Amino acid sequence: MKRIRIGNQTAFSASTPEMPFDFAVAHGFDAFEWFPDRSESGTGWCEADITRERRTAIRETAIAHDVSLSVHAPWWANPLNPDALDVLFQGIHFARDIGASLFNVHLYLDRGTKAFVEAIAPLIDQLTSHAMQLSIENTPLTGPDDFRQLLHELEAQGLLGPQVGMCLDVGHANLCGATRNDYLRFIDLLAPEIPVIHVHLHENFGDRDS
C-alpha cells in the first residue's frame with residue numbers, strides 16, 4: 001500500500017520560517033511544505049531569507065527524520081505571466097537546495113487550458129530533470145471539469161506522466177461555486193483518472209479562504 005505522509009506548512013504568523021518545520025520534526029510529522037508568502041506589509045518570508053547554510057541544514061534534518069519536503073510557489077505567481085517565471089524558477093531552485101520532491105502551483109485559466117499547459121511545460125522539464133513532481137492546485141475559481149480538461153491537454157501536449165498531478169485543496173473545493181460548502185461533492189465529481197498526488201487538508205465556512 002502506498003504511504004500517505006502527514007505534515008504541516010510554514011505560516012506568516014510564525015516568528016521565523018523554520019518554526020513550523022521545527023514543530024513538524026519535534027512531533028513526528030513526515031511531510032512539510034515551504035510556502036513563501038512575503039506580503040507588502042513585510043510579514044511572511046521569501047526564499048532569499050533562507051541562506052545556503054540554512055538550506056543545507058533543512059535538507060539534512062529532513063533526511064535524518066524522514067520528512068518529505070514540498071515547496072508551494074507564491075500564490076500570485078501565475079505561469080501565464082512572463083514576469084512570474086523568474087519567481088517560479090527561483091522556487092524550483094530553492095526546492096532543489098532543500099531536497100524537496102514536489103513543487104506546487106495554482107491552476108490559472110485566464111487564457112484557457114492550452115495556454116496554461118504551454119506555460120508550465122518548462123517547469124515540468126526543469127522539475128523532471130531534478131527528479132521532482134509538479135502538483136497543480138485547484139483554486140476557488142477552478143472546478144472538477146477544469147481538471148478534466150487539464151488532464152486532456154497535458155496528454156495532448158505529451159506532458160502527462162508520473163511527474164505531474166493534482167493538488168487537491170479541500171478548503172478551495174469548499175469555496176468553488178459549483179460545490180459551495182460541499183467539498184465531498186467536488187471530490188466525487190473529479191474524473192477517476194485524475195492523479196491526486198498532493199492534498200491541502202483544511203476547512204472554512206464556505207465564505208472565504210479563512
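Is E118 buried, exposed or partly exposed? Select E118 and look. This residue is partly exposed, with a relative accessible area of 42%. Keep in mind that the model is predicted.

**Stop one: helix α4.** Stay on E118 and add K114 to your selection. The two form a salt bridge, and their closest N and O atoms are 2.6 Å apart. Both sit in helix α4, residues 113-129. They are 4 residues apart, so about one helical turn separates them. K114 is partly exposed too, because its relative accessibility is 48% and the partly exposed class runs from 20% to 50%.

**Stop two: helix α5.** Now select D145 and R148. Here is another salt bridge, with 2.4 Å between the closest N and O atoms. The pair lies in helix α5, residues 144-156. D145 and R148 are 3 residues apart, about one turn of the helix. D145 counts as partly exposed at 48% relative accessibility. R148 is also partly exposed, at 27%.

**Stop three: across the chain.** Select R3 and D66. Their side chains meet in a salt bridge of 3.0 Å, N to O. This pair links distant parts of the chain, 63 residues apart. R3 is in the segment before β1 (7-9). D66 is in the loop between α2 (52-64) and β3 (68-72). R3 is partly exposed at 47% relative accessibility, and D66 is partly exposed at 38%.

**Stop four: the network.** Keep R3 and D66, then add R5 and D30. These four residues are linked in a network of salt bridges.

**Last look.** Zoom out to the whole model. How many salt bridges does the structure hold? The count is 8.

Methods: Residues numbered from 1 in each chain as written. Predicted model: local features only at pLDDT ≥ 70, side-chain atom pairs only at ≥ 80, totals over all residues. Heavy atoms only, no water. Helix = DSSP H or I, 4+ residues; strand = E, 2+ residues; numbered from the N terminus. Buried < 20%, exposed > 50% of the residue type's maximum accessible area, 1.4 Å probe, protein only.
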